[in-house]
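User: I would like to go through the charged pairs and the burial in this model, and to see the reasoning behind each label.

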Amino acid sequence: MLDDGMDFDVEMWKYARDIKRVSSNPQIGHEHRPGTSGIYMGVPVQINALGLRDREFDVARKPDGPVRTLMLGDSLTFGWGVKAEDTPAKLIETQLNEGQKEPRDEVINTGVGNYNTTMEIAYFLDRGKEMKPDVVVLNYFINDAEPQPKRQTSIWREYSYGYVFLASAIDKLSRQYFGKADWKTYYRDLYRDGAPGWAAAQQAIGQLADYCRENDIKLLVVNYPELHELRDYPFPDVTAGVQTVAKAHGADFLDLLPSVADLEPASLWVSPTDAHPNRVANVRFADAIAKKLTQDFPEVYHRSASQNDQSASYTSTTSSLNAGESH
């Protein structure tokens, strides 16, 4: 009677119940079960054979194949509440391939809900690196400094709709009326001096940067804004901290706040009570990321354009010659 399919906590619980499993790598924590599917926040979700919300593709790469960009991230990268084609990865892929007869770029979505930075990088170092990307984009959100979540083993948490709905309602009331830390305080506490999650995130970013540098992979760290307040953004110090860490490890950095600062926050949410980015926000984000990639790494993306143009020219010339022979 109460479940309309749009309650964030209940839908996240369904997603975890239907699609997630405990990972064999404890540093990753949890992962998608390959070949699963469901409908969450009114949107269909399909997981491929590699456990990713993406189309099927071969891990192995051809030497002359498309430029491969790997998107690491959490529920924002996964595309919570939006269709697969409206996730940042697929919007970027569409933009990079715009006007091309044959796709020259592929952008792979490895986002998983409830990941933090250490889990995302653990996934990459364990499995993602096998995809041999040319570019890695580490998508960072302010809650990525949370400690790794611990699996709840209570039978009520795992199987009871009623428990989840009631726990969610109590949590909301506690924040509103009974002094439980509000969202601003919660986020700021993640970055206090000595906060273990932030320290672990910084260390993991260093590990990722080292691997990318040693294997000639370009690395871009992208900071996503918290979408409740944009014009007088409450967390510029967190953004500056993430940028400092990225630069210290030789990674390029992009802040996405300017791409949406002119819009009303609620116009960017997937629902009135869920501030995950909707399609409007993701289009803005994808445009900014695609421009940054081509601007910062022209030797990668312009090279692919050149190769594609040469291939098209060769095909056209060959077709003309064959046409002449047939006549």
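User: How many salt bridges does the structure hold?

Analyst: This is a predicted model, and the structure holds 20 salt bridges.

User: Why is the pairing of Arg127 and Glu31 called a salt bridge?

Analyst: The N to O distance between the side chains of Arg127 and Glu31 is 2.5 Å, and because the cut-off is 4 Å between a side-chain nitrogen of Lys or Arg and a carboxyl oxygen of Asp or Glu, the pair qualifies. The two residues are 96 apart in sequence, with Arg127 in the loop between helix H4 and strand S7 and Glu31 in strand S2.

User: What makes Glu31 buried or exposed, and what of Arg127?

Analyst: Glu31 has 8% relative accessibility, and since buried means under 20%, Glu31 counts as buried. Arg127, at a relative accessible area of 27%, falls between the limits of 20% and 50% and is therefore partly exposed.

User: Which other residue forms a salt bridge with Arg127, and which network do the shared partners make?

Analyst: Arg127 also forms a salt bridge with Asp126, their closest N and O atoms being 2.8 Å apart. Salt bridges with shared partners join Arg21, Glu31, Asp126 and Arg127 into one network.

User: How do you know that Asp262 and Arg284 tie together separate parts of the chain?

Analyst: Their closest N and O atoms are 2.9 Å apart, in a salt bridge; Asp262 lies in the loop between helix H10 and strand S10, whereas Arg284 lies in helix H11, so the pair ties together parts that are 22 residues apart in sequence.

Key:
Residues are numbered from 1 along each chain as its sequence is written. This is a predicted model: local features need pLDDT of at least 70, side-chain atom pairs count only at pLDDT 80 or more; totals for chains, interfaces and linings use all residues. Side-chain values use heavy atoms; hydrogens and water are left out. Helices (H or I, at least four residues) and strands (E, at least two) are DSSP runs, numbered from the N terminus. Buried means under 20% relative accessible area, exposed over 50%, partly exposed in between (1.4 Å probe, protein chains only).
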